[in-house]
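Thanks for coming. I will take you through one model this morning, starting from single residues and working out to the helix packing and the confidence scores.

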Amino acid sequence: MIPLENFLLLSAVLFAFGFYGVLARRSAIQILMAVELMLAAVSINLVAFAAYTDADRFTGIVFAVFVITVAAAEVGLALGIVLRIYRERATANVDEASTLKW
Amino acid sequence: MLNRLPIPAQFDRIIVVGATIAVLGALPIAAVLIALLLLDELTAPEVVFWAVAALIVAGALGTVLLPNIVHAAVSLVATLLGVAGIYLLLGSEFLALVQLLVYGGGVTILLLFGLMLTRAADDPVIADGAQKPFAFGVAALIGGIFVAAVLDANWSQTDAAAIGIRDIGQRLFRDYGVPFEIASLVLLVALIGAIAIARSDQPEPEAAEAEEVTT
């Protein structure tokens, strides 16, 4: 039997990688990919806790389903925004689209 | 042999090099895992777990470190397939299937569409920002805190048990019907918003010409 800690450690490492990607990358699409990594890490956590510590074994799975749903909506919307920024400015790098930065 | 395949010439090198690196990286891990399995140090699920974990970690590293954005996208696909394997190990086939469908099918295609439409694929080598060392420090700090917290805590745990697709369907629509409908509404609103944002204000030049021709 695989101990619960293994899943939690894997998810922590995955989250740290995704966090690094979000901070270090310039291209908006690569930032989106790193956000997907972080969301996957969170979903692993939820499902692992549901399987190991929840007598009901169900709530975490529902949360993971909703995480996947919202992630799909987020990618669609964010790519629409990226396409618009690219059309206006001919770049998809977030550090070159800083008009709103104070 | 590669010259006869109907693929662009630059694919040869990428495929050969990528496959070589992947095999060289996977072989020692597979050898160690099989040896431990034969020596009864590990059970079969544990072997699967470590193999999938290696796939996930390698794919995540590739996603955030590879300079070529298309290679990073392919690497992300490997990671997300590995996550589906983790769901299978945790006994929820339903989530594994959803992960394969939504991420392997939908999100990846969307990301690749985004790459092609923003012409990032023409000039795919994109440098990281100047904040890279700072980002590394913060990510290492957060990862270290999480790992320390996980190792420090004392988890009361039961055995993992599978939960069937029929159970999930019944309980999802009986107990979580309202959140389910709200989630579908969120998807609808997000997609309409994406269309409204990404649509151009001017009519397409081809469309305008076509109208002139018809009138």
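B:Ile165 sits in helix 6 of chain B. Bear in mind throughout that this is a predicted model. Is B:Ile165 buried, partly exposed or exposed? Its relative accessible area is 43%. Buried would need under 20%, and exposed would need over 50%, so B:Ile165 is partly exposed. As for where it lies relative to B:Val102, the two are 63 residues apart in sequence, and their C-alpha atoms are 17 Å apart in space.

Now take B:Ala60, in helix 2 of chain B. Here the relative accessible area is 0%, which is under the 20% cut-off, so B:Ala60 is buried. From B:Ala60 to B:Leu80 we have 20 residues along the sequence and 9.1 Å between the C-alpha atoms.

Stepping back to the whole of chain B: what is its secondary structure made of? It comes to eight helices and zero strands. Written out along the sequence, the pattern is α-α-α-α-α-α-α-α. Of the 215 residues in chain B, 28% count as buried.

Next, the nonpolar core. The largest one holds 66 residues. Which residues have the most contacts inside it? From chain A, they are A:Phe7, A:Leu14, A:Ile29 and A:Met33; from chain B, they are B:Ile86, B:Leu90 and B:Leu95. Chain A gives two or more residues from each of helix 1, helix 2 and helix 3. On the chain B side, the elements that do so are helix 2 (44-65), helix 3 (69-89), helix 4 (93-117), helix 5 (132-152) and helix 6 (165-175). Helix 2 of chain A supplies the largest share, 14 residues.

On to helix packing. Two packed helices are described by the angle between their axes and the distance between the axes. I have two pairs to show, and helix 1 of chain A is in each of them.

The first partner is helix 2 of chain A. Helix 1 covers residues 4-24 and helix 2 covers residues 28-52. Their axes come within 8 Å and cross at roughly 165 degrees. An angle over 145 counts as roughly antiparallel, so helix 1 of chain A and helix 2 of chain A are roughly antiparallel to each other. The crossing is left-handed. What kinds of residue make up this contact? It divides into 19 nonpolar, four polar and no charged residues.

The second partner is in the other chain: helix 5 of chain B. Helix 1 of chain A packs against it at an angle of about 165 degrees, with the axes 8 Å apart. By that angle, this pair is therefore roughly antiparallel as well. Helix 1 of chain A passes helix 5 of chain B in a right-handed crossing.

Last, confidence. The model scores ipTM 0.89 and pTM 0.83. Chain A has a mean pLDDT of 86, with 99% of its residues at 70 or more. Within chain A, helix 1 has the highest confidence, at 91, and helix 3 (residues 59-89) the lowest, at a mean of 88. Chain B averages 80, and 79% of its residues score at least 70. Where in chain B is confidence lowest? That is helix 8, residues 205-214, at a mean of 57. Confidence in chain B is highest in helix 7, residues 177-198, at 91.

That is the end of the walk-through, and I can take questions.

Definitions and conventions:
Residues numbered from 1 in each chain as written. Chains lettered and ligands numbered in written order. Predicted model: local features only at pLDDT ≥ 70, side-chain atom pairs only at ≥ 80, totals over all residues. Heavy atoms only, no water. Axes fitted to C-alpha atoms, helices over the stretch in contact; angles between N-to-C directions. Helix = DSSP H or I, 4+ residues; strand = E, 2+ residues; numbered from the N terminus. Parallel < 35°, antiparallel > 145°, perpendicular 65-115°, else oblique. Left-handed = near helix turned anticlockwise from the far one by under 90°. Nonpolar A, V, L, I, M, F, W, Y, C, P; charged D, E, K, R; others polar. pLDDT = per-residue confidence, 0-100. Core = buried A, V, L, I, M, F, W, Y, C linked by side-chain atoms within 4.5 Å. Buried < 20%, exposed > 50% of the residue type's maximum accessible area, 1.4 Å probe, protein only.
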